[in-house]
Number of protein chains: 2
Amino acid sequence: MWSGGHFGDSYRKNGDLNSINKMIKVYSNLTDSELFALVQRPQMEENSLDATITEVFSNVKTYGDEQLKRYTLQFDKVQILSIKVDEKSLFDAYNEIDLQLKAAILVAKSNIEKFHQAQLPSTVSLETMPGVKCIQKPIAIERVGIYIPGGTAPLFSTILMLAIPAMIAGCKEIVLCSPPTFNGAIHPAILATAYMCGITEVYQIGGSQAVAAMALGTESIKKVAKIFGPGNQYVTAAKEKAQKYGVAMDMPAGPSEVLVYADATCVSTYVAADLLSQAEHGVDSQVVCVVSNAEIATQINLAITDQIEELPRKNLAAKALENSLIIVEEDVDRAFAYINAYAPEHFIIASDNAENLAELVINAGSVFMGNYCPESVGDYASGTNHTLPTYGWASSYSGVNVDAFLRKVTFQSVTREGLVDLGKVVIIMAEAEQLQAHANAVKIRLMDQNISK
Amino acid sequence: MWSGGHFGDSYRKNGDLNSINKMIKVYSNLTDSELFALVQRPQMEENSLDATITEVFSNVKTYGDEQLKRYTLQFDKVQILSIKVDEKSLFDAYNEIDLQLKAAILVAKSNIEKFHQAQLPSTVSLETMPGVKCIQKPIAIERVGIYIPGGTAPLFSTILMLAIPAMIAGCKEIVLCSPPTFNGAIHPAILATAYMCGITEVYQIGGSQAVAAMALGTESIKKVAKIFGPGNQYVTAAKEKAQKYGVAMDMPAGPSEVLVYADATCVSTYVAADLLSQAEHGVDSQVVCVVSNAEIATQINLAITDQIEELPRKNLAAKALENSLIIVEEDVDRAFAYINAYAPEHFIIASDNAENLAELVINAGSVFMGNYCPESVGDYASGTNHTLPTYGWASSYSGVNVDAFLRKVTFQSVTREGLVDLGKVVIIMAEAEQLQAHANAVKIRLMDQNISK
């Protein structure tokens, strides 16, 4: 129920807006069905890349490294001599990186390490009955793969978000793949960050072929057990295909999104800046704002029109805002019912009362509390992870954390005496499920008084 | 390298075996490539049910409850009046269940509760920098679905394995679907166990239509966020399809499997009983045994031929054994390198030295230590979960545990003072990634000295 039309119109009359509307539609006085319909994300295109990805997997399986080199020439326009990046190149990149950036990365790294170290689960061990011991032991996934996209704006921060929990979990082998698309090599910020994280196994391969290589293995790249990291539609489709080969992936993919709840204690210019920082990610970014009164909506829209002009990516951001919405909802409980139904990837609570309101959160990836906590602090450096569930998946998935890099393996031991009481229970239940051999495995032990080979 | 042929042949000469060979092939003196090739599971059939499942989802979406009733008549040959099972029926089943079975279930339930309660993670909270607080809070998935297959041998034990951790995690709504295939209703052991676990929302719908209903929602059955539980190929395909609708599933499916490591301190008759208890699950069950010398292999095969005759499911078990193998490997480290590469769902260490050997485990679902710890104790009652990763997925997936029913949501708060140091770091990193609006969200807060709306 778009009630901000007059506002947009009056603005347009001023003539200082180009053809793209830079304000967000405002919805108010919604019925339940109108409100909860607004959790819907835009339909993602059905993935029609299956034939392409199947061919890439087939070629990488058949031709291995040589095929990786051919694809790199074909797609990245780079002739590479070796697939692996030698360790000296990592060290060189580390030495050459801007000192201020290096210092910033070290602070971020330290915060991320502290928070993820604290997440490391310990072994659970107890006797459930006399003589029956059960243990749950966290064991790191042995070999994991990290994919980092290329381009001119390298996502080196994502290396921190994936390599640090992998290291803390205790993964023995951490592989990084990224395309050589910066002057014929991997961007030095990526190499330097990999070095700082202690990654030594870096391959200058990108796209779906990199995922195929990590999933299938080639002469140079040994198969991994789980693949992490963002990527374009080809990379995403390849991660899905990898599951057919027994290789797990971090989580389902979707466009990045933020939901801001702003009440009367918010600062509208901050909220506007937060909405824009999500919008600049790309035209498919999802930006939603729930406000406790209509005046806040007006203030936020005014601030957006001010701030957007200064952005290098302003056209991208303006385009993303066309699909964005501001919902006016005075009732806090109803507002949070909507927010939990939406299940946002990033959820900012722009309120002096944020810590109390945060108690109402059920479904979200990462929550930013208060007026001094923009999403960007979590994107980079507060310590939380920025690899988070999108597209409503926050209702069933966690963001990446230390758990994502380990399994909790259970162990049990039973003493001869312990088996007496436990065994009776097992026999009754197994026979009720008509699994006689299951019962027999207990009976043969209970009956056997002469223990020898 | 099949070296047990003479053994099978001599046995066949005795004439007391029917056409099915009841002994397991023995492999010894394997090269590395021969040994590690034996981690391969039989190829699973490519899922060709997509058209069927797509139609089921489409029909359930369009026609809702009425379609569920039609499918129940068509597939289960039962005309149901209501979709939901009323709570009185659950209570009646509980009252009518065999007392001995009820007592056994209560012991199992108590053990499973103790072990899963101990797994419940706590909130992690720390300051990563002065004024920067990060929190990781476990929050239960609000609404989960459990599927339990029908038939004459009801898997009531699986209800314990799924409902108990869901309850402990704190899931508000737990839904159970199972087909009415026992005299036109759900098997009373299933209803009684549901009652004992505190499940009140039970629907007498089975197959892919039950999964479609939980994934899409109908008039009677509200959509869930995650679906758990075993099932046939239709159920499995439907769980995969559910992901297209934003509904998660427990783990990829595959045939059940056991790997037994038996050294000179094993009891061969126990090992035989354990191998048979896996084999009786079905012809596609995977049964592997690694032994430290050839004599043990011979003893185990002898014991199998003895024990299999007594099994009601002996033909099923014998058929499964045809695909089974015993590997003789004297070197413990090499044996465990193979076992970790195989990544068994169930791993029994039949040795007096089991607890030490268990330290070598990297990839397994659940581990059974010592000569008095058959797999069946964990299948029912020791306290560990029996919903475990198969088909090599133990290298990247945990079995079902309390974590599977919750998300770890992160929260962060930053004070105005805390943002000064943290903000500088964020600005530098955001600008290096060319995300100016991300930097601006910090700058606007740092610059603004006049905090008001």
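**Exercise 1. Determine how many residues of chain B are in contact with chain A, and describe the area buried.**

Solution. Contact here means heavy atoms within 4.5 Å. By this criterion, 123 residues of chain B touch 124 residues of chain A. The model is predicted: local features need pLDDT of at least 70 and side-chain atom pairs count only at pLDDT 80 or more, while totals for chains, interfaces and linings use all residues. Residues are numbered from 1 along each chain as its sequence is written, and side-chain values use heavy atoms, with hydrogens and water left out.

Next, take the buried area, the accessible area (1.4 Å probe) that two parts lose on being put together, summed over both. Chains B and A bury about 10,700 Å² between them, 61% of it on carbon and sulfur atoms. B:Y372, B:Q412 and B:R445 supply 8% of the area that chain B buries against chain A, more than any other three residues.

**Exercise 2. State how many salt bridges are counted between chain B and chain A.**

Solution. A salt bridge requires a side-chain nitrogen of Lys or Arg within 4 Å of a carboxyl oxygen of Asp or Glu. The count is eight. One of them joins A:K137 and B:E359, whose closest N and O atoms are 3.8 Å apart.

**Exercise 3. Establish whether A:D263 is buried or exposed, and locate it.**

Solution. Buried means under 20% relative accessible area, exposed over 50%, and partly exposed in between (1.4 Å probe, protein chains only). At 13%, A:D263 is buried. A:D263 lies in the loop between β10 (257-262) and α11 (268-279) of chain A; helices (H or I, at least four residues) and strands (E, at least two) are DSSP runs, numbered from the N terminus.

Note on methods
Chains lettered and ligands numbered in written order.
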